[in-house]
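Please open the structure in your viewer and keep a selection tool at hand. The tour below goes step by step, saying at each stop what to select and what can be found there.

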Amino acid sequence: MKKFYISILALSAIITKAQSFEEVSQPALQNYFYSASAVADFDNDGFQDIFFTGAIDSDGDTNVDVTSNDFYKNTNGNFSSIQNFGDNSVHLSAVKFMDFDNDGLLDVVTTGLSYNDIVNYQQYRWKNTGSAFTLVDNASGKIYGGLDVFDFNHDGKQDYAINGTQYIEGVGFSQDLDLYTNNSNGFQKTEAWLPGTQNGSFKIVDLNNDNELDAVVNGFNSDYEGTFNIYINENGTLVQKSQLPPVSDSNMAFADFNGDGFLDFVVTGQDENFDSYLAVFTNDGQGNFTESKFEGEGLSAGNVEVGDLNNDGYYDFVVMGDDDNYDGYTNIYLYNPQLQKFEKSENSGLYNLGSGGTLALFDYDNDGNLDILANGFDWADPDLMPYTKLFRNTTTVSNQKPNAPTILTATENNNKINFTWSGASDDKTLENSLQYELTVGSEAGKADIAKYIVTTKSWYLDKANLPSKIFWSVKAIDASKKYSDKSQEKEFSVLAVSDSKNETVSIYPNPVKDILNIKTASKIKSHKVYNLSGQVVNAKLISDKTIDFSRLEKGIYVVEIQLENGKKLSQKIIKN
């Protein structure tokens, strides 16, 4: 196979820490070209399974010739292929698990192209039957981009977006970021939801902890110039907030690195001068980021993933890709909380793979440690072949599962059901860095309304179409991706829309400096004011309809009001 140019990266050598891995033989895993992977427990047996997209060398002549996608079931740490997707396979692709019908089983979305048709890029939706996947939809797709899953409109149903290059007959190639909104009967497509990119990455994520999803997008724009844009959600519309140093051939991963409660991220790729680039961006909580660049380091056209690799409670990252000499490297960076920076780990035991592949961190053998799945080209191989490798984490440091939140509160306001929780803890991961799985069902023990991961200690659902009673619970997730037990399940009665219209309540001003006013025909029975950590703060009711905010620090708070007529409501308030 002929070697080709992608973008480049090389990681630096200031080394003070070490973290080691050992390769585990998994003969069933094929060596994929131009791959992507997704990892999840598809049958709820407690083991993480793998969905692989890509292409293979079917005849052993060292040249790629067949697009082939496979699903590998994990049985006590051993993987076996239980389904091949034949003509509905894709490479130069993206793949994500998502429960698009809220039946408790994770379905799959893929996008890419096939050697069967190299012009018309494809997108496939696969329903999980509990033992296999069945094709339910096929639509136009994209390549050289990405795919992300989220609930943008807070209806409990998971939506997704696809970015990248698409060929349109009569028009040519386009780069748009399209939104697919889940309406229970399928998906409604919003074309060009955001300006899209090629050879880049994107993420839909809450950057400022306001429970609204924002966006980060980078890569080549339609003029083939590097871009890096931050979009903030303003009343359901994503508005460009700022621009970061432009990158392309890029990949990102998000986590709260420093434990301040806000999502930071690491990005790898190439800069506007096509030089290799690696940087960590620290979030100030308002959607503004500070760049910490690794001068002369980075690996382009590769992948980066985050997770606690040494069980110290802090997120680390693994990065793989090509350096300036077109050699592949797979490197580990460990976070040093004392120095508040990342340090490269030597002698990791990882095999050096480059671009064109995929990377995943997951605990394949359920020993409490994050392992590494890596696929990419081995540029040191005489035939320039790709390889798929699984590496077991050999750390001897134990990691306990987190403790679930203990204080759960649901309130209703402005046709929203607001969920807040606190009291979660972990033996290593800071409380601010914990993530959460929110589950909402129509009956006790069910998850048929919503079930997904959020990065804040609160969330909300639109009350439209909710039943009169809902049941909800939360699990905490630590930096090693270990889940707590389920919290106590709470029951909440949803006020009918007709009833809610009978009482108009106004809370103002917002933002507030000193005195917060509550305008309502009913008397206030009780009130509480929470900070974003879920703690009750001292904000006294100084008259029948006013609350004293003057002694509170600047920030975001949640005001919870109980009226004498039985109505409950809550609202986020900004204190200036």
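What follows is a walk from the whole chain to single residues.

Before selecting anything, keep in mind that this is a predicted model. With the whole protein in view, the C-alpha trace spans about 80 × 50 × 50 Å along its principal axes. Colour by secondary structure next, and the protein comes to one helix and 43 strands. The radius of gyration is 24 Å, close to the 25 Å that the globule rule gives for 576 residues, so the protein is as compact as a globular protein of that length.

Now colour by domain, using the four ranges of the domain assignment: domain 1 takes 1–30 together with 247–399, domain 2 takes 34–141, domain 3 takes 408–493, and domain 4 takes 506–575. Hide what lies outside domain 1 and domain 2, whose centres, taken over C-alpha atoms, are separated by 23 Å. Selecting the residues in contact gives 21 residues from domain 1 and 23 residues from domain 2.

What is the area buried between domain 1 and domain 2? It is about 1700 Å², and carbon and sulfur atoms give 59% of that area. Across this interface there are 11 residue pairs in polar contact, with both residues at pLDDT 80 or more, while the count of salt bridges between domain 1 and domain 2 is zero. To see which elements of domain 1 touch domain 2, select strand 27 (358–362), strand 28 (371–377) and strand 29 (386–393), each of which supplies at least two residues to that side. Sorted by class, this side of domain 1 has 11 nonpolar, eight polar and two charged residues.

Stay with strand 29 for the next stop, and select Glu-22 and Arg-392, which form a salt bridge whose closest N and O atoms are 3.4 Å apart. Glu-22 lies in strand 2 (residues 21–24) and Arg-392 in strand 29, so the pair ties together parts that are 370 residues apart in sequence. The structure as a whole holds 19 salt bridges, and you may wish to display them before moving on.

Two stops on the backbone remain. Select first the loop between strand 6 (70–75) and strand 7 (78–84), where Asn-76 is found; phi of Asn-76 is near 55 degrees, which is a positive value in a residue other than glycine.

Then go to the loop between strand 37 (506–508) and strand 38 (515–519), where Pro-509 is found, and where Pro-511 lies as well. Which form does the peptide bond from Tyr-508 to Pro-509 take, cis or trans? This bond is cis, with omega near -5 degrees, and the peptide bond from Asn-510 to Pro-511 is likewise cis, with omega near 10 degrees.

Definitions and conventions:
Residues are numbered from 1 along each chain as its sequence is written. This is a predicted model: local features need pLDDT of at least 70, side-chain atom pairs count only at pLDDT 80 or more; totals for chains, interfaces and linings use all residues. Side-chain values use heavy atoms; hydrogens and water are left out. Domain bounds come from an automatic or database domain assignment. Contact means heavy atoms within 4.5 Å. Buried area is the accessible area (1.4 Å probe) that two parts lose on being put together, summed over both. A salt bridge is a side-chain nitrogen of Lys or Arg within 4 Å of a carboxyl oxygen of Asp or Glu. A polar contact is a pair of N or O atoms within 3.5 Å; within protein, one must be able to donate a hydrogen and the other to accept it, and residues adjacent in sequence count only if both atoms are side-chain atoms. Helices (H or I, at least four residues) and strands (E, at least two) are DSSP runs, numbered from the N terminus. Ala, Val, Leu, Ile, Met, Phe, Trp, Tyr, Cys and Pro count as nonpolar, Asp, Glu, Lys and Arg as charged, and the others, Gly among them, as polar. The radius of gyration is taken over C-alpha atoms; the globule rule is 2.2 Å times the number of residues to the power 0.38.
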